[in-house]
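Here are my notes for your reading of the model, set out as numbered points. Please go through them with the structure open beside the text.

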Amino acid sequence: MPSATASGASTGGDSSARSRQHAQGNQGRVYTEEQKAAVLRIRKCNVTAFYDILELESVKKTCTESDIKKAYRKQSLLTHPDKNGHEHADEAFKMVSRAFGVLSDKDKRDKYDRFGTDPDNRFASAQAQNPFSGFASRQPSGGMGRGGGGMWEEEMSPEEMFARFFGGGGGFGGGGPFGAFDTGPQFVFNFGGGPGIRVHQFGGARPRRRPREAQDAEQQQQQGGLQNLMTLLPILIFFILPMISSLFTGGSSSPSIRMNYDEPLPPYTAERFTPNHKVKYYVNPKDIQSFTKSKLSQLDHTAENNFIRFLDNKCEHENIAQRRLREDAMGWFYEDVEKMNQANAYPKPNCERLRSLGYRRS
C-alpha cells in the first residue's frame with residue numbers, strides 16, 4: 001500500500017521543508033492512505049460531533065456500549081501518533097479520545113444526547129439549557145484549539161485512556177498493542193497556551209510536568225501550607241490559651257455566680273470580701289453551700305476583677321458625658337463660662353472610687 005512522509009513534502013523538496021520536518025520531529029515517520037483518510041475525515045468533524053468522529057452518526061440512537069468501544073478501538077488504532085506519522089494525527093487522536101470519553105460515560109452521553117454540547121464544558125451546557133440562549137451570538141468552534149476553553153481539561157489524558165483501554169495499565173512499556181514505546185522520542189503538546197491547560201505527552205511512560213511548572217507547583221504547595229497554618233493560628237490560640245490558663249489556676253474555671261456589691265439584696269445575703277481591696281459583695285447562700293475553700297477563694301478573686309471592670313466601664317461613660325458638656329460649652333465663637341464650670345464640676349463617682357482603689361483614670 002502506498003505511503004507518504006509525515007510532512008507531505010516530495011522526495012525532492014527544498015531545504016525549508018526539510019527544516020520544518022526536522023523541527024516537528026516527523027522525519028522518517030510514515031502513514032498509510034487509510035490512516036491519512038481517517039485523520040482528514042475526523043478533522044473535518046466538529047469537535048463536539050462525537051458520534052460523527054467515531055463513525056456512529058447513522059446509529060447514534062441505537063448504538064450500544066459495545067459498539068462505542070469497537071468504534072474507539074478502530075479509530076484510535078488508525079490515528080495514534082506513534083503509528084500514524086501524519087502531521088495532524090495527534091489532533092485527530094485527541095478528538096477520538098474525547099468522543100469516547102463522553103460517549104462511554106452514561107451520564108455524559110445522556111447530557112450530550114439531550115443538549116448536543118460537551119457535557120464537561122460548563123459554559124456551553126449552561127447556554128444550551130438557557131431558554132434565551134438562541135438570541136446570543138455563538139462563536140463556532142471550528143477545529144482543534146479554537147474556543148475550547150478547557151476542552152481537553154479531563155481527568156485522563158488520551159494516552160492514559162488508550163493504555164487503559166488496551167490493557168496497558170498506566171504506561172506503554174510492553175502492555176499496549178504497539179509494544180514498548182519508552183525507547184522512542186517523546187513529544188510534549190500544549191493546546192491552548194493558557195494557564196490551566198493540560199500538557200499531554202506522547203511516546204513516554206506517563207504525562208510529565210515541565211521543570212518550571214513543577215517548580216512553580218512546589219512553591220505554590222509550600223505557600224498554601226503556610227497560608228493554611230496562618231489561617232488556623234487564631235483558632236489554635238483561641239483554644240490553647242484557655243487550656244494553658246486553666247493549668248495555672250488549678251484546672252477549673254471561675255465559678256459563675258450572681259452577686260451584689262456593697263449591700264445585700266435578697267436572696268444575695270451571704271457577705272464576702274474581695275481579697276485585695278476588701279470590697280464587700282453578697283451572694284446567694286444556696287449557690288456556695290457546696291463550695292470548697294479553694295473555690296471560695298477563686299470566687300473572691302473573680303468578684304474583685306468583675307468589680308474593677310464594672311467601675312472602669314462606668315467611669316468611661318462618665319468621662320464621655322463630661323467631654324460632651326465641655327464641647328457644648330465651647331460654642332462656635334466664644335466659650336460659655338458658666339456651662340464650662342458645670343462641665344468641670346460634673347460628678348464622676350465611679351471614677352473617684354476607681355482612683356481610691358489605686359487605679360488612675362483621667
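**Notes on the sheet, the charged pairs and the rings**

1. Met259 stands opposite Val283, a residue of β7. This is a predicted model, and the remarks that follow should be read with that in mind. The facing pair belongs to a contact between two strands, since β5 and β7 (residues 280-283) run antiparallel and are joined by 3 bridges.

2. The wider setting is an open sheet of 3 strands in the order β5-β7-β6, with antiparallel pairing. Its edge strands are β5 (259-261) and β6 (270-273), each of which pairs on one side only. On average, and with direction ignored, neighbouring strands of this sheet are turned by 35 degrees against each other. As a general reminder, strands of a sheet pair through backbone hydrogen bonds, and the pairing may be parallel or antiparallel.

3. Which helix lies across β5, β6 and β7? It is α11 (residues 293-330), and this helix runs at about 55 degrees to β5. Within the residue range given for α11, Lys295 is worth a look, as Lys295 lies over the face of Phe291 at 5.7 Å from the ring centre.

4. On charged side chains, the count comes to 14 salt bridges. One of them is formed by Glu91 and Arg43, whose side chains meet at 3.1 Å, taken from N to O. The pair links distant parts of the chain, with Glu91 in helix α5 (residues 89-103) and Arg43 in helix α2 (residues 33-44), 48 residues apart. The two partners fall into separate classes of accessibility: Glu91 counts as buried because its relative accessibility is 16%, under the 20% limit, whereas Arg43, with a relative accessible area of 32%, is partly exposed.

5. A salt bridge also joins Arg98 to Asp118, and here the closest N and O atoms are 2.8 Å apart. This pair again links distant parts of the chain, 20 residues apart, with Arg98 in helix α5 and Asp118 in the loop between α6 (106-115) and α7 (122-129). Are these two residues buried or exposed? Arg98 has a relative accessible area of 3% and is therefore buried, and Asp118, with a relative accessible area of 5%, is buried too.

6. Asp120 and Lys108 provide a further salt bridge, their side chains meeting at 3.1 Å from N to O. Because Asp120 lies in the loop between α6 and α7 while Lys108 lies in helix α6, the pair ties together parts that are 12 residues apart in sequence. Asp120 counts as partly exposed at 35% relative accessibility, and Lys108 is likewise partly exposed, with a relative accessible area of 24%. I would read this point together with the preceding one, as Arg98, Lys108, Asp118 and Asp120 are linked in a network of salt bridges.

7. Turning to the rings, the structure holds 6 aromatic pairs. Among them is the tilted pair of Phe50 and Tyr112, with 4.8 Å from centre to centre and 45 degrees between the planes. Since Phe50 lies in helix α3 (residues 50-53) and Tyr112 in helix α6, this pair ties together parts that are 62 residues apart in sequence. Phe50 counts as buried at 0% relative accessibility, as does Tyr112 at 9%. Ring pairs also bring in Tyr51, linking Phe50, Tyr51 and Tyr112 into a cluster.

8. How are the rings of Tyr261 and Tyr281 arranged? Their centres are 6.4 Å apart and their planes stand at 45 degrees, so the pair is tilted. Tyr261 lies in strand β5 and Tyr281 in strand β7, so the pair ties together parts that are 20 residues apart in sequence. Both Tyr261 and Tyr281 are buried, and this ring pair therefore involves the strands β5 and β7 already described as joined by 3 bridges.

9. A last point concerns Ser76, whose place is in helix α4 (residues 65-79). Ser76 is buried, with a relative accessible area of 0%. Leaving aside residues up to four places away in sequence, Ser76 touches Phe93, Val96, Phe162 and Phe166.

Methods:
Residues numbered from 1 in each chain as written. Predicted model: local features only at pLDDT ≥ 70, side-chain atom pairs only at ≥ 80, totals over all residues. Heavy atoms only, no water. Pairing = 2+ DSSP bridges. Helix = DSSP H or I, 4+ residues; strand = E, 2+ residues; numbered from the N terminus. Axes fitted to C-alpha atoms, helices over the stretch in contact; angles between N-to-C directions. Contact = heavy atoms within 4.5 Å. Salt bridge = Lys/Arg side-chain N within 4 Å of Asp/Glu carboxyl O. Buried < 20%, exposed > 50% of the residue type's maximum accessible area, 1.4 Å probe, protein only. Phe/Tyr/Trp six-rings, centres within 6.5 Å; stacked < 30°, edge-to-face > 60°. Lys NZ or Arg CZ within 6 Å of the ring centre and 35° of its normal.
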